[in-house]
Amino acid sequence: MSKNIGFDNRDRFIELGITISAIRKMKGLSQEELAIRANISRSHLSYIEAPNIVRPFSLEVLYNIADALDVSAGDLLNIKFPFSDVKKESK
């Protein structure tokens, strides 16, 4: 997988990472616990969740994370928190 992400998708990856982080915290899971459940390393999850780092990841990882959080992958992609609207207004 290419490490280069188009500028248009950069914000989408950041928003997805923030969404994953928010749901993980709402469910009371640590990064370590979620990483184990999703069958990925904690450092990989940390990069996915970091708002200042854009790290592409596969659909398999997305599905694993969704299953571990007990949500659908589509929900992870479609959930919009209030910060999403603020970010779009500032563009």
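The exercises below, each with a worked solution, concern a predicted model.

**Exercise 1. The chain as a whole**

Task: Find how many helices and strands the chain has, and what percentage of its residues count as buried.

Solution: Begin with the elements, for the chain has 6 helices and 0 strands, and read along the sequence they give the pattern α-α-α-α-α-α. Turn next to burial, where 35% of the 91 residues of the chain count as buried. Finally, consider the contacts between residues at least 6 apart in sequence, of which 63% join residues at least 24 apart.

**Exercise 2. The sides of helix α2**

Task: Determine which residues of α2 are buried, and which are exposed on the other side.

Solution: Helix α2 spans residues 31-38, and its buried residues are Gln 31, Leu 34, Ala 35 and Ala 38. Around the helix axis these residues cover an arc of only 100 degrees, which puts them on the same side of α2. A general rule helps in reading such a list: an α-helix has 3.6 residues a turn, so residues three or four places apart point the same way. The other side of α2 carries Ile 36 and Arg 37, which are exposed. As a last step, look just beyond the helix, where α2 is followed by Asn 39, a residue with a positive phi, near 60 degrees.

**Exercise 3. Helix α3 and two of its residues**

Task: Work out which residues of α3 are buried, and then state whether Ser 43 is buried, exposed or partly exposed.

Solution: In helix α3, residues 42-49, the buried residues are Leu 45, Ile 48 and Glu 49. Seen down the axis of α3, they fall within an arc of 90 degrees, so they line one face of the helix. Take Glu 49 from this list: its relative accessible area is 6%, and because buried means under 20%, Glu 49 counts as buried. The side chain of Glu 49 is joined to that of Arg 24 by a polar contact of 2.8 Å. With neighbours within four places in sequence left aside, Glu 49 is in contact with Gly 17, Ile 18, Ile 20, Ser 21, Arg 24, Gln 31 and Leu 34.

Now compare Ser 43, which is also found in helix α3 but is partly exposed, with a relative accessible area of 37%. Ser 43 lies 12 residues from Gln 31 in sequence, while the two are 8.7 Å apart in space, C-alpha to C-alpha.

**Exercise 4. Helix α4**

Task: Identify the buried residues of α4 and the exposed residues on its other side.

Solution: The buried residues of α4 are Val 61, Leu 62, Ile 65, Ala 66, Ala 68 and Leu 69. Their arc around the axis is only 165 degrees, which puts them on the same side of α4. Leu 59, Glu 60 and Asp 67, on the other side of α4, are exposed. After α4 comes Asp 70, whose phi is positive, near 60 degrees.

**Exercise 5. The second largest pocket**

Task: Establish which residues line the second largest pocket, and which element gives the largest share of that lining.

Solution: The second largest pocket holds about 160 Å³ of space, and the residues that line this pocket are Asn 9, Arg 12, Phe 13, Leu 16, Phe 57, Ser 58, Leu 59, Leu 62 and Leu 77. The elements that give two or more residues to this lining are α1 (7-26) and α4 (59-69), and the largest share, 4 residues, comes from α1. To finish, sort the lining residues of the second largest pocket by kind, which gives 6 nonpolar, 2 polar and 1 charged.

How values were computed:
Residues numbered from 1 in each chain as written. Predicted model: local features only at pLDDT ≥ 70, side-chain atom pairs only at ≥ 80, totals over all residues. Heavy atoms only, no water. 1 Å grid on protein atoms, 1.4 Å probe; cavity = no way out; pocket = protein on both sides within 12 Å on 5 of 7 lines; lining within 4 Å. Points joined across faces, edges and corners; volume = space filled by probe spheres on them. Nonpolar A, V, L, I, M, F, W, Y, C, P; charged D, E, K, R; others polar. Buried < 20%, exposed > 50% of the residue type's maximum accessible area, 1.4 Å probe, protein only. Arc of directions from axis to C-beta. Polar contact = N/O pair within 3.5 Å; in protein donor to acceptor, adjacent residues only side chain to side chain. Contact = heavy atoms within 4.5 Å.
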